[in-house]
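Biologist: Could you take me through one part of this model up close? I'd like to hear how the helices pack where the chains meet, and what else turns up around there.

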Amino acid sequence: MIVLEGLAALLVAVGVAFFIAGTVGLLRFPDLFSRLHALVKADNLGMGFIAAGLALLAEDAGTVLVIVAVWVLALLASVMVSHLVAHAAVREGMQPWRKKR
Amino acid sequence: MMLLIDGAVAVGLVWMALRALNARRLTEAVIVFIGFTGVMALAWVRLRAPDLALAEAAVGAGVLVVVLLDGLGRLAHLLGGRTPLRAAAVVLLPLLSLALVAVLLRALGDLPSAATGLGPRVFAALEQSGVENPVTAVLLNFRGFDTLLEVFVLLGAAVAVALLRPLDRALPRGAGPITAGPPQTPMADWYRRRLLPVALLVAVYLLWAGGSAPGGAFQAGSLLAGVLALGLLTGTPLAGRPAAAWAAAAIGPVAFVLAALLFAVGGHGVLQYPPGWAKAAILGLESLLTVSIAAALTLLVIGIPRRRRP
Amino acid sequence: MTSALLYAGAGVVLFAVALLALFLRRHLLRKLMAANIAGSGVFLFLLGTAADGDAPPDPVPQAMVLTGIVVTVSVTAYGVALLRRFADETGRDTLTEDGGGP
Amino acid sequence: MIDLVLLVAVAVLLVNAAAGILRALVGPSAADRLLAIQLLATTGIAVLLLLAEATHQPAARLVALVLAILAAAAALAFVRRLWWRLGPGEEGGP
């Protein structure tokens, strides 16, 4: 039991670390496209770790099912958001950032 | 730890409200306001009111988002003007507002403890209500009359919005209110087609679970409306069938009134369920109400077409 | 000080802030948002004072707030539709008192 | 014990979201501001899942489920109803 809880705590901690990484990306990256990428990818990986940790703690299969469903749906929604925003940004004529020479 | 989290949520709520009301850019204000409703859902969970959290999340993240962003889009050509305020108002009103906070906070300290509320009586009568979720029991049994009026408010709002439709120079339905926009992408299509069944499943679960656990007609209905709004945004040709939508919006309130009259004629009070029938009656009414709430909210989202420039 | 009272206090502040903005802001969409936030403040106050320790709060205020949430969203949607129509007719998004024009 | 770990995670996530939102609201474009909502939605879902476990409220998972289903609505409405109407520098107003 204690092993399981320790593993869950570890997974949640890793997940939180990915969330922090995502925010650092949001703070530091130079343009919309790269910020989208930080936000959507890092945060959802983080949520995956948190969901995995919580699934270890779940008492019954139904709870695990709900947790997995939440994660998959959030993942799909994030994919849609980044796709839509990036697609629209390109159409609006927004230029990706390039390193100045 | 709990108090720390609650403090963060409460401060976040006030900060987001201030930002939504004072941000210089209107788009920023609307975006922060949408975030505010999300944080409200968190606050409801912390206050142990999951029914409210479900409703707030479903309404705030679905219908309200689309209504506000769509409304903002319609006003985009007007954005940018600024009107000065009278100096007296700028000085006096904040002082009055501060006084209000002081008085209300003082009153908060004087309130009697929660044990004097109606809660114990609800729990005492819960056995006879036909459901185990006390909130559902209050909404559909003990205070069914209020809920009846509420669904009429919802239907009334949908009718009122429809009445705002410009009679002359309205754009044709094809140029319709919600489906306008830049070309859609195949991915959005794919997403919508997978999301709709999932949302339907969750809505049915919320409705069914509403008898014994958090959930119910309002939560299920607003979730469905949110997903339908999402579908409309990706191009579901739903807006083309207004008669069906209106019929769906009316069926719940009508059934509610008929049930009330039927019970009254059958020798019980208005909206007093006959013994043994409460559970079935509540579940049946809730199912129809879910359909109606979803339809009425969707009609509210669709809104009215734009008036053509003269 | 319990968590519930904290939320009730936040509700008071939200209500006052939003009421102030309702008077001070000219843009009608902002007035609508202010009315919404004032409503949220009232809801928080209701539930915050109805909570009793760690037990779930009184179901009667919960039902009232649930009703309130749905009524608020329908009124907001109506307000946005009205505002949109007003803007279509007049080309303005604020109500000016002294015929000050757009 | 594990509950405390989860609650600390909630607190860290909330602070993290606040920092990200402050940055996102700076812009410069309206789409950058939209990212604030996306960040809040993702964080909110994770926080709700954590709170469901830590405070023994299974219904909080359903709230997370509802948020996850509707999470794309804001971006969709923004892209299809608003952004293409906003010209450059035309998003202000008192």
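Modeller: Let's start with H3(B) against H3(D), keeping in mind that this is a predicted model. On the chain B side, the residues that meet the partner helix are Pro50(B), Ala53(B), Leu54(B), Ala57(B), Ala58(B), Ala61(B) and Gly62(B). Facing them from H3(D) are Ala59(D), Leu62(D), Val63(D), Val66(D), Leu67(D) and Leu70(D). Sort that contact by class and you get 12 nonpolar residues, one polar and no charged. As for geometry, H3(B) covers residues 50–74 and H3(D) covers residues 59–70, and their axes come within 9 Å and cross at roughly 5°. With angles under 35 degrees counting as roughly parallel, that makes H3(B) roughly parallel to H3(D).

Both of these helices have a loop before them with something odd in it. In chain B, the loop between helix H2 (26–46) and H3 holds Arg48(B), which has a positive phi of about 60° without being a glycine. In chain D, His56(D) sits in the loop between helix H2 (30–54) and H3, and its phi is positive too, about 55°, though it's not a glycine either. These catch the eye because most residues other than glycine have a negative phi.

Now over to chain C, where chain B has another helix pairing. H7(B), residues 144–163, and H3(C) have axes that come within 9 Å and cross at roughly 10°, so H7(B) and H3(C) are roughly parallel to each other. From H7(B), the residues involved are Glu150(B), Val153(B), Leu154(B), Ala157(B), Ala160(B) and Val161(B). They meet Leu66(C), Thr67(C), Val70(C), Val71(C), Ser74(C), Ala77(C), Tyr78(C) and Ala81(C) in H3(C). By class, that's 11 nonpolar residues, two polar and one charged.

Zoom out to the whole boundary between these two chains, and 76 residues of chain C are in contact with 86 residues of chain B. The area buried between chain C and chain B is about 6,900 Å², with carbon and sulfur atoms giving 76% of it. There's one salt bridge between chain C and chain B: Asp70(B) pairs with Arg84(C), and their closest N and O atoms are 2.8 Å apart. Nine residue pairs are in polar contact between chain C and chain B, counting those with both residues at pLDDT 80 or more. On the side of chain C that touches chain B, helix H1 (3–24), helix H2 (28–50) and helix H3 (59–90) each supply at least two residues. H3(C) gives the largest share of that side, 24 residues. By class, the side of chain C that touches chain B has 48 nonpolar, 14 polar and 14 charged residues.

Conventions:
Residues numbered from 1 in each chain as written. Chains lettered and ligands numbered in written order. Predicted model: local features only at pLDDT ≥ 70, side-chain atom pairs only at ≥ 80, totals over all residues. Heavy atoms only, no water. Axes fitted to C-alpha atoms, helices over the stretch in contact; angles between N-to-C directions. Helix = DSSP H or I, 4+ residues; strand = E, 2+ residues; numbered from the N terminus. Parallel < 35°, antiparallel > 145°, perpendicular 65-115°, else oblique. Contact = heavy atoms within 4.5 Å. Nonpolar A, V, L, I, M, F, W, Y, C, P; charged D, E, K, R; others polar. Buried area = accessible area lost by both parts, 1.4 Å probe. Salt bridge = Lys/Arg side-chain N within 4 Å of Asp/Glu carboxyl O. Polar contact = N/O pair within 3.5 Å; in protein donor to acceptor, adjacent residues only side chain to side chain.
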